[in-house]
Amino acid sequence: FGRVAEPEGVDAGGYRVCHQKLVSLLGQRVSQALIPFAVSLQAIYRALADLDSQDVDGVAQLLVRARLVLTCGNGGSATTASHFAADLKRAGVKAFCLADNVALVTGLANDIGYPDVFSAQLPEEGTGVVLVAISGSGNSANLLRAAEVARERGIYLVGLLGFGGGLLAERCDRKIVLSSRDYSVVEAAHSWLCHLIPAIIKGT
């Protein structure tokens with residue numbers, strides 16, 4: 001918007017029309033305040049454009065064949081994990097988010113420590129189970145611990161990661177990694193992916 005460059009691959013005319021409508025509806029002052037969001041949208045577009053479509057489709061095909069899909073994450077990634085599990089269910093996949101039960105998560109954090117809030121919920125028998133760990137940095141202690149326990153129990157680990165993958169990347173069986181080191185960009189792109197993957201599943 002304003003002086004911000006139009007994103008590559010986006011119709012320039014449509015972009016200008018969008019800006020003109022914002023100015024007419026919100027006024028020049030408010031539309032100028034939206035410039036940082038336009039910059040973020042361009043960064044999100046670039047982050048997603050860099051992904052390999054085969055990686056995304058591969059994750060979708062893996063999840064649709066799973067006996068059980070478990071999702072987890074911290075902070076904003078926890079809400080993405082929860083939303084992802086809900087959309088997977090609607091796509092016919094048996095899925096649960098390990099961050100959803102507040103009483104359980106806080107009880108585990110209090111009793112055994114926050115690093116084990118996800119690993120303590122993993123099933124003993126991992127055949128056919130897929131754990132999807134969503135993380136901006138890829139360095140969260142509880143996700144690294146969950147990855148360790150998942151490997152011990154034969155649970156397949158998928159990572160939706162940012163910041164180049166972090167420590168978690170090398171522990172994943174399959175991963176989608178964003179190179180961006182901006183949390184707002186990574187979290188928004190992860191949210192988009194978590195809408196796209198169930199849509200792919202519904203189309204298979």
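## Reading contacts, pairs and bridges

Author: Let's open with a single contact: a polar atom in the side chain of K89 sits 3.5 Å from the backbone oxygen of A95. Keep in mind that this is a predicted model.

Reader: Fine. Where is K89 found?

Author: K89 is in helix α5, which covers residues 76-90. Leaving out residues up to four places away in sequence, K89 touches A95 and F96. The C-alpha atoms of K89 and P198 are 8.8 Å apart, although 109 residues separate the two along the chain.

Reader: Is K89 buried, exposed or partly exposed?

Author: The general idea is to read relative accessible area against two cut-offs: under 20% is buried, over 50% is exposed, and anything in between is partly exposed. K89 has 45%, so it is partly exposed.

Reader: Zooming out, how many helices and strands does the protein have?

Author: There are 8 helices and 5 strands, and along the sequence they run α-α-α-α-β-α-β-α-β-α-β-β-α. Of the 204 residues, 45% are buried. Among contacts with a separation of 6 or more, 67% are between residues 24 or more positions apart.

Reader: Now backbone angles. What is the phi of F163 near?

Author: General idea before the case: most residues other than glycine have a negative phi. F163 has a phi near 55°, a positive value in a residue that isn't glycine. F163 is in the loop between β4 (156-161) and β5 (174-177). For a glycine case, look just after α6, where G113 has a positive phi of about 110°.

Reader: How many aromatic pairs does the structure hold?

Author: The structure holds 1. F163 and Y183 make up that pair, with 4.7 Å centre to centre and 45° between the planes, and the geometry is tilted. The pair links distant parts of the chain, since F163 is in the β4–β5 loop and Y183 in helix α8 (residues 183-203), 20 residues apart. F163 is buried because its relative accessible area is 15%, whereas Y183, at 45%, is partly exposed.

Reader: Next, charges. How many salt bridges does the structure hold?

Author: There are 5 salt bridges. One of them joins D116 and R145, with the closest N and O atoms 3.1 Å apart. Here too the partners are distant in the chain: D116 is in the loop between α6 and β3, R145 is in helix α7 (residues 141-152), and these positions lie 29 residues apart in sequence. R145 also meets E148 in a salt bridge, at 3.1 Å from N to O.

Reader: Why are R145 and E148 separated by about one helical turn?

Author: Because they are 3 residues apart in helix α7.

Reader: And what does R151 form with D173?

Author: A salt bridge, with the closest N and O atoms 3.9 Å apart. R151 is in helix α7 and D173 in the loop between β4 and β5, so this bridge ties together parts 22 residues apart in sequence. R151 is exposed, at 52%, while D173 is partly exposed, at 36%. As for the earlier bridges, their shared partners join D116, R145 and E148 into one network.

Reader: One last residue: which residues is S119 in contact with, leaving aside its neighbours within four places in sequence?

Author: R145, A146, V149 and R153. S119 belongs to the loop between α6 (102-111) and β3 (129-135), and its relative accessible area of 5% means that it is buried.

Note on methods
Residues numbered from 1 in each chain as written. Predicted model: local features only at pLDDT ≥ 70, side-chain atom pairs only at ≥ 80, totals over all residues. Heavy atoms only, no water. Helix = DSSP H or I, 4+ residues; strand = E, 2+ residues; numbered from the N terminus. Buried < 20%, exposed > 50% of the residue type's maximum accessible area, 1.4 Å probe, protein only. Phe/Tyr/Trp six-rings, centres within 6.5 Å; stacked < 30°, edge-to-face > 60°. Contact = heavy atoms within 4.5 Å. Polar contact = N/O pair within 3.5 Å; in protein donor to acceptor, adjacent residues only side chain to side chain. Salt bridge = Lys/Arg side-chain N within 4 Å of Asp/Glu carboxyl O.
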